[in-house]
Amino acid sequence: MRAPAEGVFAALADPTRWRVLNLLAERGEGTATSLAGELPVSRVAVVKHLAVLDRAGLVEGRREGREVRYTVRTEPLGETARWMARLAAQWDARLAAIKRLAEEDPNTQEIPR
Amino acid sequence: MVTERIERETFIKAPIERVWALITEAQHLGRWFGDAGAEIDLRPGGAMVVRWAEHGASRGRVVAVEPHTRFSYRWAPFEDPGGEEPDEGNSTLVEFTLQPEGDATRLRVVESGFASLATSEEQRARNHEGNTKGWEHETDELRAYAEKVAI
């Protein structure tokens, strides 16, 4: 199994970036200025958050005059969620196997009691 | 929010010594983790190998051993690191904690460190082919996943 895109987890670990991403998703698109108007952080801070999201492949920017207009790319996020869900399911299976082995009748097994 | 750790736990109707043996001894690791055997040098820094009949082997490195309480190791969860030592750039940390509950055991596992895993150019290129459709579907998927891991 391959790992998801580098930086996706780090990009999403910050609550403000998560808000930026959700605002972009709700509005369809946005600029650093429009996003800063809806968040309790400066435009400069939003620009930095957008740069991190861009590097992680989670948003894509299109220059329009003096502003860059951003939209969300869902694929890396979905891929990461699916990847983590698969790994979590593997752990469920492994823990179930440990439980089954542990609860087997010890008299028929070589596992210490 | 997407968490970069997986947390799971289970309640086992067996004493803690028995569960400890299952998660730390090679003969057992080779059954529930791999399916074609395993090797482990059970001490901090000790080497670990887990084998699968169809997927080859994965190398690990024991991090912590506190008998009947805690056992942790690093390993590459998705690819054979190919002779490289498991370190923070190419592996995740798996931590087991055991807690006695009467004659039974609560076993918890946390796998973390996904954020620091490096990936290939090819993978990154594939990720950049994404589009903006299906956002709702993806967030639903994430929420479902988050609720699942919040157990």
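1. A good place to start is the antiparallel pair formed by strand 4 (residues 56-66) and strand 5 of chain B, which six bridges hold in register as neighbours. Please keep in mind while reading that this is a predicted model. The two strands make a hairpin with three residues between them. Within that turn, B:His68 has a positive phi of about 70°, so you may like to look at the backbone there yourself. Next to the turn, B:Glu66 has B:Arg70 in strand 5 as its bridge partner.2. Strand 5 (residues 70-75) of chain B also has a partner on its other side in the pairing list: six bridges join strand 5 to strand 6 (residues 92-101) of chain B, again antiparallel. One of the pairs is B:Trp75 with B:Thr92, the latter in strand 6. How many of the six residues of strand 5 are buried? Five of them are, and the strand is mostly covered. In general, the side chains of a regular strand alternate between the two faces of the sheet.

3. For the wider setting, chain B has four helices and seven strands. Read from the N terminus, the order of elements is β-α-α-β-β-β-β-β-β-α-α. Chain B has 151 residues, and 44% of them count as buried. Its accessible surface comes to about 7,500 Å², with 48% of that belonging to carbon and sulfur atoms. Taking the contacts in chain B between residues at least 6 apart in sequence, 43% join residues at least 24 apart.

4. B:Ile6 gives a concrete case of residues far apart in sequence. The residue sits in strand 1 of chain B and counts as buried, because its relative accessibility is 1%. B:Ile6 and B:Glu95 are 89 residues apart in sequence, yet their C-alpha atoms are 10 Å apart in space.

5. Strand 1 also takes part in a link between the chains. B:Arg8 forms a salt bridge with A:Asp92, and the closest N and O atoms are 2.6 Å apart. B:Arg8 lies in strand 1 (residues 5-12) of chain B and A:Asp92 in helix 5 (residues 75-103) of chain A, so this pair joins two chains. Are the two partners buried or exposed? B:Arg8 is buried, with a relative accessible area of 5%, whereas A:Asp92 counts as partly exposed at 32% relative accessibility.

6. A second salt bridge in chain B is worth a look: B:Glu39 pairs with B:Arg51, with 2.9 Å between the closest N and O atoms. The pair links distant parts of the chain, as B:Glu39 belongs to strand 2 (residues 38-40) and B:Arg51 to strand 3 (residues 47-52), twelve residues apart. B:Glu39 is partly exposed, with a relative accessible area of 41%. B:Arg51 also counts as partly exposed, at 32% relative accessibility.

7. Chain A has salt bridges of its own. The side chains of A:Arg27 and A:Glu38 meet at 2.3 Å, N to O. This pair, too, links distant parts of its chain: A:Arg27 is in helix 2 (residues 15-27), and A:Glu38 is in the loop between helix 3 (32-36) and helix 4 (43-55) of chain A, eleven residues apart. A:Arg27 counts as partly exposed at 45% relative accessibility, and A:Glu38 is partly exposed with a relative accessible area of 36%.

8. Which residues of chain A are linked in a network of salt bridges? They are A:Glu29, A:Arg62, A:Glu64 and A:Arg69. Over all chains, the count comes to 18 salt bridges. As a general point, side chains of opposite charge can pair when their charged atoms come close.

9. Finally, the cavities. The structure holds two of 30 Å³ or more, and the second largest has a volume of about 30 Å³. What lines this second largest cavity? The lining consists of B:Phe33, B:Met48, B:Val49, B:Val50, B:Ser58, B:Arg59, B:Gly60, B:Tyr73 and B:Trp75. Strand 3, strand 4 and strand 5 of chain B are the elements that give two or more residues to the lining. That brings us back to the hairpin of strand 4 and strand 5 from the opening point, and to B:Trp75, the bridge partner of B:Thr92.

Terms used. Residues numbered from 1 in each chain as written. Chains lettered and ligands numbered in written order. Predicted model: local features only at pLDDT ≥ 70, side-chain atom pairs only at ≥ 80, totals over all residues. Heavy atoms only, no water. Buried < 20%, exposed > 50% of the residue type's maximum accessible area, 1.4 Å probe, protein only. Contact = heavy atoms within 4.5 Å. Areas by Shrake-Rupley, 256 points an atom, 1.4 Å probe, with all protein chains shown as cover. Pairing = 2+ DSSP bridges. Salt bridge = Lys/Arg side-chain N within 4 Å of Asp/Glu carboxyl O. 1 Å grid on protein atoms, 1.4 Å probe; cavity = no way out; pocket = protein on both sides within 12 Å on 5 of 7 lines; lining within 4 Å. Points joined across faces, edges and corners; volume = space filled by probe spheres on them.
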